Amino acid sequence: MISFVISLCLLIGGYVIYSRVIAKIAGEDSSRITPVHTHADGVDYVVLPSWKIFLIQFLNIAGLGPIFGAIMGVMFGPAAFLWIVFGTVFAGAVHDYLSGLMSLRQNGASLPEIVGLQLGDKIKNVMRGFSVMLMLLVGAVFVYNPADLLARLTPDSFNATFWIIVIFAYYICATLLPVDKLIGKLYPIFGFALLFMAVGICVMLFINHNMMPEMWEEFYNHKTDTYSNPIFPMMFVSIACGAISGFHATQSPMMARCLKNESHARPIFFGAMVAEGIVALIWAAAAIAFTGGYDNLQEYMGGASPAVLVDNLSKSWLGKFGGILAILGVVAAPITTGDTALRSARLITSDFMKVNQKTVLKRLAVSVPLFALCFIVMMLPYDALWRYFAWCNQVLAVFTLWAASVWLASQNKNYMISLVPALFMTAVTVSYIIFAPEGFQGIANSVFEFEIPYVFAVGCGLAVSGLFYRLFKKYISVRKESIEFN
């Protein structure tokens with residue numbers, strides 16, 4: 001339990017200390033006019049209280065990620081706790097904060113426009129398609145779980161198909177209505193419930209801490225098949241929302257359009273990510289304590305969904321009220337991620353098509369094709385959707401971190417704060433795409449009956465990371481020569 005307390009203190013200290021360092025380097029300026037004052041439209045650019053924006057941002061980026069992802073990730077062993085702590089503070093929170101701040105500086109621009117301004121029009125066009133695809137993937141993925149659970153809790157006449165239709169209808173409303181009408185009213189309630197549940201689990205964790213081994217006692221990979229599931233890169237993709245997730249950068253611009261003062265960027269963007277890291281830390285530790293150890297967790301889970309563990313743990317530790325909160329979290333969290341994913345898809349599409357979103361007809365013109373595409377994506381097998389979402393998500397994080405590094409370098413600021421995580425996540429993501437079954441490994445096995453060696457996959461990841469570093473340094477050198485020449 002000592003290692004858990006240290007980890008918790010490091011996360012809190014990371015926000016208190018490192019967030020101020022990042023804000024100072026990035027040049028956060030409370031006197032700068034924010035987009036909501038210059039582009040107010042009553043739909044997407046709407047002034048909201050900072051506490052409400054924090055809860056909305058927290059729920060937008062959280063979903064089930066810091067719960068399910070943490071439970072699946074901690075099955076690798078104690079290394080998961082290190083990744084949650086250091087990944088959150090030095091990668092995820094920096095990623096979320098800088099993407100939010102860049103959006104603020106570009107009139108609330110969506111992620112592809114932010115990245116394109118720094119990395120060029122070709123990358124921007126790729127990011128437009130890639131981001132919309134990922135948003136549709138998220139919207140589709142986060143319909144199945146809550147629909148299936150609601151079908152189990154309600155009479156047989158309300159089957160999964162019925163709930164899929166209901167949830168999708170809600171998605172349509174949340175995508176089209178002004179941000180303060182539905183999202184602004186429901187999200188703070190659900191966000192508070194998710195935080196309250198985490199606090200309750202944390203309290204019970206201290207009561208049941210005798211089943212929680214210290215981090216240094218069993219520090220090895222606890223996966224049964226360690227060759228197919230090496231910690232690097234598998235664990236770093238399994239725990240995404242609890243450490244760093246590219247999806248977050250698509251959500252930050254949505255809230256950047258509602259901030260009335262730039263000084264709120266640090267507590268909202270950096271702070272919400274740290275809060276998510278704390279939730280992930282709590283659930284990872286609780287999963288171990290509840291089942292009695294890393295190996296016991298492996299046996300408990302088997303092929304079961306993390307939802308089973310969440311439900312049983314909450315009812316056991318928090319009683320009937322905890323069970324209600326667990327159901328609320330498992331149902332509401334993915335829904336509130338899916339709806340903002342589709343809303344973000346509308347904003348991204350309207351940005352590059354330059355379609356004003358003030359009238360509902362123009363919002364419909366952009367959204368109807370997106371709804372149709374999302375519905376088509378939902379026809380694909382759920383397992384396939386989830387597998388490809390995992391690495392697509394981290395690809396987005398890689399592009400965002402490189403764009404942030406270029407942005408900082410262009411202003412002669414300390415770009416190392418984003419460059420180091422950019423290099424690391426590039427190596428992780430490329431290695432994963434090559435080695436994971438849902439990447440090139442699957443193609444090699446099924447088509448060519450050939451297995452890609454682990455060393456080769458990691459070597460490619462490091463090589464691509466090194467190549468990107470050389471390109472970045474070349475940019476820095478060319479820019480410096482240009483300034484000296486002028």
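Start by selecting K52, I53, L55, I56, Q57, F58, L59, N60, I61 and A62: in this predicted model, these residues of helix 3 are buried. That's 10 of the 13 residues of helix 3, so the helix is largely enclosed by the rest of the structure.

Now select the whole of helix 3, residues 50-62. From its first C-alpha to its last, helix 3 reaches 18 Å, close to the 18 Å expected at 1.5 Å a residue. Then step just past the end and click on G63, which follows helix 3 and has a positive phi, near 55°.

Next, keep helix 3 on screen and add helix 11, residues 247-256. How far apart are the axes of these two helices? They lie 9 Å apart, and the helices pack at an angle of about 155°. An angle over 145 degrees counts as roughly antiparallel, so that is how helix 3 runs relative to helix 11. Turn the view a little and look at the crossing, where helix 3 passes helix 11 in a right-handed way.

Which residues make the contact? On helix 3, pick I53, I56, Q57, N60 and I61; on helix 11, pick F247, H248, Q251, S252, M254 and M255. Colour them by type and you'll get six nonpolar, five polar and no charged residues. While you're there, remember a handy rule: an α-helix has 3.6 residues a turn, so residues three or four places apart point the same way.

Last stop: jump to helix 1, residues 2-26, and select S19. Is S19 buried or exposed? It's buried, with a relative accessible area of 1%. Leaving aside neighbours within four places in sequence, S19 is in contact with G14, R266 and F270.

Key. Residues numbered from 1 in each chain as written. Predicted model: local features only at pLDDT ≥ 70, side-chain atom pairs only at ≥ 80, totals over all residues. Heavy atoms only, no water. Helix = DSSP H or I, 4+ residues; strand = E, 2+ residues; numbered from the N terminus. Expected span 1.5 Å × (residues − 1). Buried < 20%, exposed > 50% of the residue type's maximum accessible area, 1.4 Å probe, protein only. Axes fitted to C-alpha atoms, helices over the stretch in contact; angles between N-to-C directions. Parallel < 35°, antiparallel > 145°, perpendicular 65-115°, else oblique. Left-handed = near helix turned anticlockwise from the far one by under 90°. Contact = heavy atoms within 4.5 Å. Nonpolar A, V, L, I, M, F, W, Y, C, P; charged D, E, K, R; others polar.
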